[in-house]
Amino acid sequence: MRSARTQVGIVGAGPAGLMLGHLLHLHGIDSVILESRSREHVIERVRAGVLEQGTVDLMSDARVADRLRREGMRHDGIHIAFGGARHRIDMAELTGGRAITIYGQNEVVKDLIDARLGTGRPLHFEVDAVGVHDLLTPHPKIRFDHGGAAHELTCDVVAGCDGFHGICRSAIPAEHLRIYEREYPFGWLGVLAAAPPTSEELVYSLHDRGFALFSMRSPAITRLYLQCAPDENADDWSDDRIWAELITRLSTADGWAPAVGPILQKGVTGMRSFVAEPMRYGRLFLAGDAAHIVPPTGAKGLNLAMADVRRLADALDALYTSRREDALNAYSDRGLRRTWRAQRFSWWMTSMLHRSESDTPFDRRRQHAELEYLVGSRAAMTSLAENYVGVPFD
Ligand SMILES: Cc1cc2nc3c(=O)[nH]c(=O)nc-3n(C[C@H](O)[C@H](O)[C@H](O)COP(=O)(O)OP(=O)(O)OC[C@H]3O[C@@H](n4cnc5c(N)ncnc54)[C@H](O)[C@@H]3O)c2cc1C
């Protein structure tokens, strides 16, 4: 067994693990990042694309925003469509100038991997059999296989940034965790299409046939989602069927519709709300999807992960520079406050914009009344806007 030592052992090279490693580097703190998948797989995974203002600010402060500044698309507003009409919500005007930026999660990950490689600090892909041990001692350990050898990494702290299906959360004894969970009776069929965006801003639509979302990744690529069954097989959806459904659900009476083009990628995602409390066990700290999942309607998952690691990096800096543990001790409670706020918002957006087979005629009329209230009330639009652009990172 090969032994090594670091200050912070990071499991997972998604947005949370990579950004944490980078922030720690800027604080002069050592870390090792371990990732089970290949570099190509991690970069090519198409997922989130909506960055809150706080995430953009964090990337700028961390000096990894050069490409984001050039290629990211700032959006001051979004559209809500129902009953054949689109209604614009001017988020910047309602929130004192805050906005979202469209920049793919895979681009964020690519930039963070480049930044990490530029620092020369360790980032190992394709590690196997990762396990975390001695979490209640001052020197927790990560054991893993890599390059044909078994390794043991002794750390001061382990950061569990290994996503929903990772091993860190399940290393916490069940009696120390409280799980809150909600599954939704639908999923999203997401497609990436070589078609120029026909709207400069996102369009969230509720149609009698269900939810649809028009989004984009670049001036040549649209990203679109359709509500579907949670166990839907994406292969049952031909390109023609996908476009017919998208056009039906998204087109509005003013003549607006998405442009049609070749579908480059498609996949089905289930929808779930999930929180594990607390986000800490001894010297193990959970961050990002390892601790919480939100349905993607509110576009919060990646942003919550970024807020977690910013807080964790600051707390670790306080530990190393002044031996103060108060910020580390507050990490979980502060994170859970932000998480529950995002959970509420994501649940609300999801229930307002999706059809469920169990809906009664009363539910449908209530849903319509809620949408009419939303687009007719400055107070309601402000509530949506300030949650959508996100509260500043604390
Ligand atoms: C279809 C879809 C659309 C989404 N849209 C949005 C959106 O619009 N806006 C938004 O904010 N969020 C969105 N999300 C959510 C967002 O993608 C996640 O919240 C985000 O990826 C969380 O980052 P993370 O680093 O915590 O976890 P992950 O990105 O899951 O990264 C965890 C990493 O850990 C690795 N790993 C797992 N197990 C191990 C192990 N045992 N050892 C080592 N490594 C391990 C994984 O391979 C992975 O690379 C979306 C998600 C999906 C699926």
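**View 1. Arg67 and the residues around it.** Setting aside neighbours within four places in sequence, Arg67 is in contact (heavy atoms within 4.5 Å) with Gly72, Tyr103, Glu107, Lys110 and Asp111. With one of these, Asp111, Arg67 shares a side-chain polar contact of 2.9 Å. Here a polar contact is a pair of N or O atoms within 3.5 Å; within protein, one must be able to donate a hydrogen and the other to accept it, and residues adjacent in sequence count only if both atoms are side-chain atoms. Arg67 sits in helix 4 (residues 66-71). Helices (H or I, at least four residues) and strands (E, at least two) are DSSP runs, numbered from the N terminus. So is Arg67 buried or exposed? Arg67 counts as buried, because its relative accessibility is 18% and the label covers anything under 20% relative accessible area (over 50% is exposed, in between is partly exposed; 1.4 Å probe, protein chains only).

A note on what you're looking at: this is a predicted model, where local features need pLDDT of at least 70 and side-chain atom pairs count only at pLDDT 80 or more, while totals for chains, interfaces and linings use all residues. Residues are numbered from 1 along each chain as its sequence is written, and side-chain values use heavy atoms, with hydrogens and water left out.

**View 2. Thr101 in strand 8.** Strand 8 covers residues 100-102, and Thr101 is part of it. Thr101 is buried, because its relative accessible area is 11%. Not counting residues up to four places away in sequence, Thr101 touches Gly49, Val50, Leu51, Val56, Leu68, Gly72, Met73 and Arg74.

**View 3. Strand 13 and its partners in the open sheet.** Six strands line up in the order 9-3-2-13-20-19, with mixed pairing. At the edges are strand 9 (123-124) and strand 19 (280-281), each of which pairs on one side only. Two strands pair if DSSP finds at least two bridges between them. Strand 2 (residues 8-11) runs parallel to strand 13, and four bridges join them. Strand 13 (residues 157-160) also pairs in the parallel sense with strand 20 (residues 284-286), over three bridges. Follow Val158 across: Val158 is the bridge partner of Gly9, and in strand 20 the partner of Val158 is Leu284. Gly160, meanwhile, stands opposite Leu286 in strand 20. In a regular strand the side chains alternate between the two faces of the sheet. In strand 13, Val157 and Ala159 point one way and Val158 and Gly160 the other, and all are buried.

**View 4. The ligand and its shell.** Which residues come nearest to the ligand? Of the 31 residues around the ligand (those with a heavy atom within 4 Å of it), they are Glu35, Arg45, Gln105, Asp289 and Leu302. By type, the shell splits into 13 nonpolar, 11 polar and seven charged residues. Nonpolar takes in Ala, Val, Leu, Ile, Met, Phe, Trp, Tyr, Cys and Pro, charged means Asp, Glu, Lys and Arg, and the others, Gly among them, are polar. Helix 1 (15-26) and helix 8 (301-322) each supply at least two shell residues, and helix 8 gives the largest share, four residues.

**View 5. Backbone atoms facing ligand oxygens.** A backbone N or O atom of Ala16 lies 2.9 Å from an oxygen atom of the ligand. For Pro15, the matching distance from a backbone N or O atom to a ligand oxygen is 3.3 Å. A polar backbone atom of Gly301 is 3.1 Å from an oxygen atom of the ligand. Taken alone the ligand exposes 1,000 Å², and the protein buries 88% of that; accessible areas come from the Shrake-Rupley method with a 1.4 Å probe, and for residues only the protein chains shown count as cover.
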